[in-house]
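Trainee: I have just opened this entry and would love a guided look. Could we talk it through together, step by step?

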Amino acid sequence: MRRHRLIVPSTAAAAFLLLAVPASAADATPGAPGAGDSYYPEDGNGGYDVSHYDLRLKYQPKTDRLEGTATLLATTTQALSRFNLDFTLDVSEVLVNGRKAAHKPSGAHELEITPAAPLEKGKPISVVVRYSGTPSTVKIDGYTAWKRTPDGAVLAQEPQSAAWWFPSNDHPTDKATYDVSVSVPDDVQAISNGVLASQSSKLGWTRYNWRSTKPQASYLTTLAVGKFDITTGTTESGLPVVNAYSKDLGENLPSAKASIERTAEITDWASTLFGPYPFNAVGGYVPNVKSSYALETQTRPFYSPASFTSGANQSIVVHELAHQWFGDSVSVKDWRDIWVNEGFATYAQWLWSEKEGEGTAQELAEYVYNSVPADNDFWKVKPGDPGADRQFDRAVYNRGAVTLQALRNTVGDKAFFALLKQWPTENRYGNASVQDFVKFAEKASGKKLAPLFDTWLFQPSKPAALPAPAGTAPAKAKKSLKAGVTPPKSWKKIQEAERAHRH
């Protein structure tokens with residue numbers, strides 16, 4: 001019988017073998033399948049930060065067939081044995097650092113990836129995902145964000161949208177730059193964020209290459225394919241403006257154009273209040289989609305045709321463009337912080353109302369305060385943490401804007417308008433919470449403001465009085481609606497815009 005000799009490596013050799021595997025990789029563990037958001041714990045992922053997405057897509061409107069190759073550039077934040085992307089379409093291949101990686105679907109919208117070897121912490125990685133599918137047939141919890149139109153499709157939704165068309169770390173805390181290259185039949189066009197870097201045609205297909213060079217949240221990345229009339233121009237500061245209107249908007253087209261063609265003017269006005277515009281382009285688009293909402297998709301807000309059924313409405317354009325500062329450049333840390341988006345964008349509409357002579361912000365705040373009885377559910381919603389089911393409740397918008405008027409009255413116009421510039425400037429391209437703003441406002445104004453914000457953002461009841469501008473008495477609640485309140489002239493259009501912003 002042959003005996004096999006057992007060879008035991010020397011101490012030095014054993015040490016060499018251990019050194020061959022980096023300590024961080026040897027300790028690798030799976031990345032979390034969620035970013036830990038309090039409202040949407042399964043959204044986003046842990047273990048890495050994405051810096052850039054390169055999306056190369058081909059879409060056929062007739063069949064709703066989407067084919068794509070996504071390249072993600074990221075940095076690991078822990079040693080990873082595996083990690084997740086948020087994605088729902090069929091995946092044929094995944095490469096991590098150029099090597100094939102195992103992959104499988106997991107949960108409601110997860111793509112679980114196991115690289116060929118563990119990944120060290122703090123290292124740059126590349127992830128290539130090849131995929132295809134019919135996005136409109138894929139549902140998460142019975143829902144699809146991919147909307148078909150008579151001549152194509154559109155993708156614009158909040159708080160989730162990316163999983164239907166590209167793999168991502170789908171949470172606002174992981175922003176990245178984007179190259180979105182889309183090939184479509186010659187008779188349609190592809191609209192996305194940023195600047196159209198190039199366009200080329202071959203064999204009946206046209207490829208549109210859109211580029212976003214500033215940090216962008218995944219839900220703010222948009223795609224629309226269809227037949228559009230496109231207008232271009234520049235703001236006074238030279239920003240390129242690209243607006244697109246579906247060719248079959250019918251009688252809604254004139255009112256849509258009368259609103260959105262004022263984008264450059266509104267952007268220039270907003271820049272005087274909120275500081276320099278934070279991105280490389282601006283505009284808007286209106287596809288022929290059966291929906292009734294609008295969304296602040298970065299540099300190119302999405303508007304439903306229904307937003308203009310009762311005529312032009314510049315107020316909705318003001319709202320979506322204000323979001324470029326409040327919500328897009330400075331984004332939520334957690335979806336419970338939605339007030340740092342919606343309260344400010346609504347208040348921008350009130351400031352536009354002042355500019356247009358259709359009612360001051362104080363008059364609008366008093367109208368909200370006096371027209372809603374204390375026992376109305378409106379006052380039970382806490383704008384500072386409304387809950388996932390009330391995230392887009394009217395109280396988040398209207399009570400949220402009253403909060404800012406209360407702040408303005410408390411600190412005075414000079415300090416307040418300085419805050420409106422300082423906040424988006426000092427937090428540009430970052431993320432912030434409601435508590436972050438409270439601390440920022442206290443430091444900038446030199447006043448103790450936490451009780452004010454607690455009263456207006458976190459108490460489920462109607463405050464006893466609305467703080468008044470210096471030199472006037474506080475606005476107390478009317479005993480009944482019969483006591484009389486007349487809505488400012490701008491109120492109707494502001495509310496039409498608010499309804500269009502509910503998702």
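Trainee: Let's begin with V96. Which residue stands opposite V96 in strand 8?

Mentor: Good place to start, and keep in mind that this is a predicted model. Strand 4 (residues 90-96) and strand 8 (residues 124-133) run antiparallel and are joined by six bridges. Opposite V96, in strand 8, stands V127.

Trainee: And which residue is the bridge partner of V96 in strand 5?

Mentor: Strand 4 is also joined to strand 5 (residues 99-100), by two bridges, and these strands run antiparallel. In strand 5, V96 has as its bridge partner R99.

Trainee: Which residue takes a positive phi in the hairpin of strand 4 and strand 5?

Mentor: The hairpin has two residues between its strands. One residue there has a phi near 55°, a positive value, and that residue is N97.

Trainee: Now the open sheet of three strands. In what order do its strands come?

Mentor: Strands of a sheet pair through backbone hydrogen bonds, either parallel or antiparallel. In this open sheet the pairing is antiparallel. The edge strands, each pairing on one side only, are strand 3 (83-86) and strand 6 (102-106). Neighbouring strands are turned by 25° against each other on average, direction ignored, and the order is 3-7-6.

Trainee: Which residue of strand 7 does S106 stand opposite?

Mentor: Strand 6 runs antiparallel to strand 7 (residues 110-114), and five bridges join them. Across from S106, in strand 7, is E110.

Trainee: Let's turn to D54. Is D54 buried, partly exposed or exposed?

Mentor: D54 is found in strand 1 (residues 48-60). Its relative accessibility is 31%. Buried means under 20% and exposed over 50%, so D54 counts as partly exposed.

Trainee: Which residues does D54 touch, leaving out those up to four places away in sequence?

Mentor: Another residue to look at first is F166, 112 residues from D54 along the chain, with the two C-alpha atoms separated by 9.9 Å. As for contacts, D54 touches T69, A70, T71 and D179.

Trainee: What does UniProt list for residues 51-220?

Mentor: The span is 0% helix and 56% strand, and its end C-alpha atoms lie 15 Å apart. In an unreviewed entry, UniProt gives these residues as "domain: Aminopeptidase N-like N-terminal".

Trainee: And which annotation covers residues 312-456?

Mentor: Here the span is 61% helix and 3% strand, with end C-alpha atoms 32 Å apart. The UniProt annotation, again from an unreviewed entry, is "domain: Peptidase M1 membrane alanine aminopeptidase".

Trainee: Stepping back, what is the radius of gyration of the protein chain?

Mentor: The secondary structure of the chain comes to twelve helices and 24 strands. The globule rule gives 23 Å for 503 residues, and the chain's value is close to that, so the chain is as compact as a globular protein of that length. Its C-alpha atoms fill a box of roughly 105 × 60 × 40 Å along the principal axes. The radius of gyration is 25 Å.

Trainee: Last one: what percentage of the residues in the protein chain are buried?

Mentor: The accessible surface comes to about 20900 Å², with 52% of it belonging to carbon and sulfur atoms. Among contacts between residues at least 6 apart in sequence, 70% join residues at least 24 apart. Of the 503 residues in the chain, the buried ones make up 56%.

Terms used. Residues are numbered from 1 along each chain as its sequence is written. This is a predicted model: local features need pLDDT of at least 70, side-chain atom pairs count only at pLDDT 80 or more; totals for chains, interfaces and linings use all residues. Side-chain values use heavy atoms; hydrogens and water are left out. UniProt positions are given in the numbering used here, feature names are shortened, and annotations may be inferred rather than shown by experiment. Helices (H or I, at least four residues) and strands (E, at least two) are DSSP runs, numbered from the N terminus. Two strands pair if DSSP finds at least two bridges between them. Axes are lines fitted to C-alpha atoms, for helices over the stretch in contact, and angles run from 0 to 180 degrees between N-to-C directions. The radius of gyration is taken over C-alpha atoms; the globule rule is 2.2 Å times the number of residues to the power 0.38. Buried means under 20% relative accessible area, exposed over 50%, partly exposed in between (1.4 Å probe, protein chains only). Contact means heavy atoms within 4.5 Å. Accessible areas come from the Shrake-Rupley method with a 1.4 Å probe; for residues, only the protein chains shown count as cover.
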